[in-house]
Amino acid sequence: MARIIDRRFDSKGKSTVNRQRFMRRFKHQIRKAVSEAIHGRSIRDLDNGEQVSIPARDLSEPILHQGRGGIWEQVFTGNDQFVGGDLIKRPSGGGGGGGGGKGEAGNEGEHEDDFVFQLSREEFLDLFFEDLELPRLIRTQLACITDYKTRRAGFTSDGVPANINVVRSLRGALGRRLALGSPYNARLRELQQELEQALAEEGEDSANVLALRDQIGRVRAKIDNIPFIDSFDLRYNNRVKVPQPTTQAVMFCLMDVSGSMDEDRKATAKRFFMLLHLFLTRTYEHIEVVFIRHHTVAQETDEEEFFHSRESGGTVVSSALVLMRDIIHERYANGQWNIYGAQASDGDNWQNDCAVSRDLLTQDILPACQYFAYIEITDGDPQNLWQEYETVRASRNNFAMQRIQSPADIYPVFRELFKKSLS
Amino acid sequence: MKRATHPRHKPAPVPLPVTSEWSFDSIEQYHTEIARVAKDYGLDTYPVQIEIITAEQMMDAYASVGMPVNYHHWSFGKQFISTEKSYRRGQMGLAYEIVINSDPCIAYLMEENTLTMQGLVIAHAAYGHNSFFKGNYLFRTWTNADAIIDYLVFARHYISQCEERYGEEEVELLLDSCHALMNLGVDRYKRPGKLSVAQEKLRQQERAEYLQSQVNDLWRTLPAQELRDDDRSRRPRFPAEPEENLLYFIEKNAPLLEPWQREVVRIVRKVAQYFFPQRQTQVMNEGWATYWHYTLLNTLYDEGLLADSFMLEFLQSHTNVVAQPPYNSRWYNGLNPYALGFAMWRDIRRICEEPDEEDRRWFPEIAGSDWRETFDFAMRNFKDESFIAQYLSPKVMRDFRLFAVLDDDREDNLKVSAIHDESGFQRVRQILSEQYNLGNREPNIQVWNVDLRGDRSLTLRHQQHQRRPLGESTEEVMKHVARLWGFAVRLETVDEAGEARLIHEARVERPARQAGVELA
């Protein structure tokens, strides 16, 4: 007799470990593919996994086998034209195998197609953020619980009158009345029975009947004395305060669009903003992005305009910082937002403005921000803004700055900026 | 709809359920009937264990080379990912069956399949393959059906312990190297010892110590005084006889391996050995299983137990399985082992039952004999190579229109050396038989020498067959050999004339702290 076993509900994902091993082993190649993939993505396009392809030769498992050459004599099927001794012209490209068939499947087994597979969204993002961590994130999570939400939590027996739950209270009162009254009610029914009996046997005016009536009157009085509602019955709606971790963030993208910022530099800046956004998505449920571009005046724009419209003129960095400060006060000041700032510039600023910018940063913006990162996209020496910001970096630990020369520098810089720091 | 569960006790046969949805009851009924018919035909099988699994679990099973348990390795993950990908895209249906050569014989049924397919799989896997596993001499001598699952559990456990102690990376590198040599890790002629978990565990500690002492012996053969160079040729080689099983040789003799590393090499070697018979009996085994599902189900149909609709669906899959496209078709991918095997088994029965004059000439000893006995003998005592050499009949060659093509790289043209005619039958048969000879298909590489008194380098010899060179991944494999051996490894190739020439040398880059060990 055969055993039939239903294995369908056995633990699934037996291959999970092997898949993870595979991912780990080819992390290098996979990561490269992932980095390339973001070229084509918008800042906010994060909710997809990624198709990753790895050159098949990188993950081949070598074995010893016979190569082409030498003598191969093989049997094929479906002869439709040959007789013994026929000569066939050697098919081009194939070392062995007559008649166009793939006769030596065994030794031509290496095909050079790429090995393509789908990374899940989680795996995709993990690859980006492994060993990166939002600066001071842990501290934020532990300490920055700024918001409470009240939530129903059943009923209590004390509270303020406004919170009395009428239905609950009356239900309790009814139960209490029934419970306390039941012995009297039983006694009352007994007495009434006796009374009827006495009436039938002895008539209306006998002493027994009178005594019974008297007793009945006293029991009724006792029942009536049970209070309709007692303070004991009162129930109050209970509400508790639940700390609400802040799960939303706003990210300010500040970019210099003055004449000296050319398309290449903007593209580099875009990559930087993209990565920051991606990283924030990982940590916060809801993210808003504010785009501020500036030359001598600052302006809030949408993403399209932010990256693609052309401006020219001089540079006054403080205009953007002022706008950022105002927007924070206006929209994000209620303590429910984690604020991140990212500024990209070629570092060229109007000389008199540098000190103003520094003061704005240190006094207004940095205290409100979780983190503020500045990148200077330049091939030359540090510009005046850089020098000014260096003093800020010295005094603040939620401020970081880096110089980038080409798009290739972005990723390492990003890692540098947000390197695990649990300071 | 519930039907009688024991139709055979009824006087008139009660047809089996015909719905396409299966249920446990109906699978049980089908199994009961198939088992009864198989017994009538005298199929000797291990007890059957049928397991219902999902498509995902089927992919899991695929990924771990069909075994229900296996150790962890990235290559299985790669296999899983590519199977999953092609399945999701619909490029590939999953095979409807995986059957495990174990006692009891485990056959997987996929829940997505129709009842007809389940019936087909039960007949094919649980009775066809099962009886082959139990009967064929290769499986009988080289695998231990009752111990393989336990052994794999042991292997998995042992390897994960090693991972904990020595780190995943370390173990993975070792496994990579072993996998590269897996095909060269089998005893082709020597009979392997029995596997048993209890023994394995018990002996493992002992073996570890013993092996280490053996290796030390190898160290002790260092001479007291330096021999002069001209003595070199007179020194005995080590090993005295060339060794074909590279993994075995490495396990026993590699000087620098730790005991646990030797154990891992051994595990890979044992697993390779377990699968070795399967690689040598494809045509026979698949043909046998196909023949039996065809015969068993047709018998049930003749008894009136199977509905016409069942037969139509079954025949449709059956014909797909045994389809053989001709050489010039774009679907051609070599000979289909199912088709060839099925045709040969059918033909053997025909020769037994209705031999014609040609058959009497070619097969005097089986023409007209009892087909069940002939089948049993053929199934038990042959592998693909010898099976074809013995039983491929002119009729099958004609039906398949087989022809042989000679491709000599010294000639400008390919030559049709033989076709399915009177003068060519013998030749075609011989070539086809050699084509299934693993010894010809895989390069012949043996351990030739270890330079015991010099740099401890290992020399492998490749005996060329038909002047065929080694493939392009040889260099990679040699690096793996060198990693396992721990010293330089040389590969020589011996051509037809018997001339040996060095074609590859892999050196070992050793970290500085071990520099003193390196004598080269």
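# Shared sheet, cores and contact of chains A and B

Reader: In this predicted model, what is the order of the open sheet of 4 strands?

Author: The pairing in this open sheet is mixed. Its 4 strands are drawn from chains A and B, in the order β1(A)-β1(B)-β3(B)-β2(B).

Reader: Which strands stand at the edges of the sheet, and why is one side of each left without a neighbour?

Author: An edge strand here has a single partner strand, so one side of it has no neighbour in the sheet. From one strand to the next the twist averages 20°. The edge strands are β1 (3–6) of chain A and β2 (98–100) of chain B.

Reader: Where the two chains meet in this sheet, which residue stands opposite A:Arg3?

Author: β1(A) pairs with β1 (residues 48–53) of chain B in the parallel sense, over 4 bridges. Within β1(B), the residue opposite A:Arg3 is B:Gln49.

Reader: Which helix lies across β1, β2 and β3 of chain B?

Author: β3 of chain B spans 105–110, and the helix runs at about 135° to it. The helix covers residues 55–63 of chain B and is α2.

Reader: Which residues have the most contacts inside the largest nonpolar core, and which helix gives the most to it?

Author: In soluble globular proteins, nonpolar side chains tend to be buried together. The largest nonpolar core here has 158 residues, and B:Ala107, B:Val264, B:Phe403 and B:Val428 have the most contacts inside it. The helix that gives the most, with 11 residues, spans 115–135 of chain B and is α4.

Reader: How many residues are in the other core, which lies apart from the largest one?

Author: Members of this other core include A:Met255, A:Phe306, A:Tyr340 and A:Trp386. The number of residues in this core is 53.

Reader: How many residues does the contact take from chain A and from chain B?

Author: On the side of chain A that touches chain B, the elements giving two or more residues are β1, α1 (16–25), β3 (71–76) and β4 (87–89). By class, that side has 19 nonpolar, 23 polar and 16 charged residues. The contact takes 58 residues from chain A and 79 residues from chain B.

Reader: In which sense do β4(A) and β5 of chain B pair, parallel or antiparallel?

Author: β5 of chain B covers residues 413–419 and shares 3 bridges with β4(A). A:Leu87 stands opposite B:Lys415 in β5(B). The sense of this pairing is antiparallel.

Reader: Is A:Gln51 buried or exposed?

Author: A:Gln51 sits in strand β2 (residues 50–55) of chain A. Leaving aside neighbours within four places in sequence, A:Gln51 is in contact with A:Val116 and A:Gln118. There are 12 other C-beta atoms within 10 Å of A:Gln51, and a residue with 12 or fewer counts as exposed. A:Gln51 is therefore exposed.

Reader: Is B:Glu286 buried or exposed?

Author: B:Glu286 belongs to helix α11 (residues 282–302) of chain B. Not counting residues up to four places away in sequence, B:Glu286 touches B:Pro337, B:Tyr338 and B:Gly341. It has 23 C-beta neighbours inside 10 Å, and 20 or more make a residue buried. B:Glu286 therefore counts as buried.

Reader: How far apart in space are B:Glu286 and B:Phe342, C-alpha to C-alpha?

Author: In sequence, B:Glu286 and B:Phe342 are 56 residues apart. Their separation in space, C-alpha to C-alpha, is 7.6 Å.

How values were computed: Residues are numbered from 1 along each chain as its sequence is written. Chains are lettered from A and ligands numbered from 1 in the order in which they are written. This is a predicted model: local features need pLDDT of at least 70, side-chain atom pairs count only at pLDDT 80 or more; totals for chains, interfaces and linings use all residues. Two strands pair if DSSP finds at least two bridges between them. Axes are lines fitted to C-alpha atoms, for helices over the stretch in contact, and angles run from 0 to 180 degrees between N-to-C directions. Two residues are in contact if their C-beta atoms, placed from the backbone, lie within 7 Å. A nonpolar core is a set of buried Ala, Val, Leu, Ile, Met, Phe, Trp, Tyr and Cys residues joined through C-beta atoms within 7 Å. Ala, Val, Leu, Ile, Met, Phe, Trp, Tyr, Cys and Pro count as nonpolar, Asp, Glu, Lys and Arg as charged, and the others, Gly among them, as polar.
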